[in-house]
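Work through the following exercises with the sequence and the model open beside you. Try each task before you read its solution.

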Amino acid sequence: MGAKDFSEIEDWPGYFNAVLGKGARDTLIAALDSFEAEGFAKGFAIDLAAGEGRDTLELLARGWCVLATDNHPEAFSYLWPRVPEPLKPLLTTREVSFCDMEFPGCDLVNASFALPFCEPRHFCALWDKIVASIRPGGRFAGQFFGKRDTWASIANRTHHSLEEVERCLQGFTIEMMREEERDDPPEVRNPKHWQIFHVVARKL
Ligand SMILES: C[S@@+](CC[C@H](N)C(=O)[O-])C[C@H]1O[C@@H](n2cnc3c(N)ncnc32)[C@H](O)[C@@H]1O
């Protein structure tokens, strides 16, 4: 089984092991590069549903303070041993579910492949809290999954049309909106249709 199969059944330890050691997401890299291009190098980021911590490690390596959250009790046992000792004071981890999240003010909310796993009944409140936490000039980076994605039919997943994503991003300048829509090749185990919106947006 691969990362996709573990995500489908929400076997998160299986997922953490499958992706362990992979690099940071392109959306996070783009957001950080945009901050650096503005001369803003080291801020405070919330890494929402950080998982095993691939993006948190990149943020820490660039000198950011990070609040990494996830509701899986094993997530941070994959992260902490890989944080270099001098960077450990920059990191706080919190085991918390999307619906119970309290967001401090921040420069960046990073939600890589996280939002589709928020139950629909909690999504609006979660999104409102994300927006409120980002300072003007701060950024959101992450993925929304589209309604044509195979997983849209799984109960308790949150998928969006492009129009809905754009509505969420009112009040932001959209810096990246890359729609990925494709079928897995038939030889892949349990092939699926993917529709993903890769987003970086700067709050007005
Ligand atoms: C596909 S993984 C993404 C992990 C990481 N951000 C990445 O880019 O690889 C989804 C993550 O969402 C977390 N998650 C799922 N449901 C959650 C919930 N209700 N509250 C908080 N985290 C949740 C899982 O534990 C998992 O770490």
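## Exercises on the sheet, its helices and one buried residue

In this predicted model, V109 stands opposite F140 in strand 5, and that pair is the starting point for the tasks below.

**Exercise 1.** Determine in which sense strand 4 and strand 5 pair, and over how many bridges.

*Solution.* Begin with strand 4, which covers residues 106–111, and with strand 5, which covers residues 134–145. Following the bridges between strand 4 and strand 5, one finds five of them, and the pairing is parallel. Next, turn to strand 1, which is joined to strand 4 by three bridges and also runs parallel to it; here A45 stands opposite L108 in strand 4. Finally, check the accessibility of strand 4: six of its six residues are buried, so strand 4 is largely enclosed by the rest of the structure.

**Exercise 2.** Work out the order of the strands in the open sheet, and identify the edge strands.

*Solution.* The sheet has seven strands, and reading across it gives the order 3-2-1-4-5-7-6, with mixed pairing. The edges are strand 3 (91–95) and strand 6 (172–183), each of which pairs on one side only. From one strand to the next, the twist averages 10°. At one of these edges, strand 6 pairs with strand 7 (residues 193–203) in the antiparallel sense over 11 bridges, and within this pairing the bridge partner of R182 is W194 in strand 7.

**Exercise 3.** Describe how helix 3 and helix 4 are placed relative to the sheet and to each other.

*Solution.* Helix 3 (residues 26–37) packs on the sheet and touches strands 4, 5, 6 and 7, its direction making about 160° with that of strand 5. Helix 4 (residues 54–61) also packs on the sheet, where it touches strands 1, 2, 3 and 4, and its direction makes about 170° with that of strand 2. The axes of the two helices come within 10 Å and cross at roughly 20°. Since angles under 35 degrees count as roughly parallel, helix 3 and helix 4 are therefore roughly parallel to each other. The crossing is right-handed, and L28, I29 and L32 in helix 3 meet D55, E58 and L59 in helix 4.

**Exercise 4.** Is R157 buried or exposed, and with which side chain does the side chain of R157 make a polar contact?

*Solution.* First locate R157, which lies in the loop between strand 5 and helix 7 (162–168). Its relative accessible area is 5%, so R157 is buried. The side chain of R157 makes a polar contact with that of E10, at 2.8 Å. Beyond its neighbours within four places in sequence, the contacts of R157 include S7, E8, P116, F117 and W151.

Note on methods: Residues numbered from 1 in each chain as written. Predicted model: local features only at pLDDT ≥ 70, side-chain atom pairs only at ≥ 80, totals over all residues. Heavy atoms only, no water. Helix = DSSP H or I, 4+ residues; strand = E, 2+ residues; numbered from the N terminus. Buried < 20%, exposed > 50% of the residue type's maximum accessible area, 1.4 Å probe, protein only. Polar contact = N/O pair within 3.5 Å; in protein donor to acceptor, adjacent residues only side chain to side chain. Contact = heavy atoms within 4.5 Å. Pairing = 2+ DSSP bridges. Axes fitted to C-alpha atoms, helices over the stretch in contact; angles between N-to-C directions. Parallel < 35°, antiparallel > 145°, perpendicular 65-115°, else oblique. Left-handed = near helix turned anticlockwise from the far one by under 90°.
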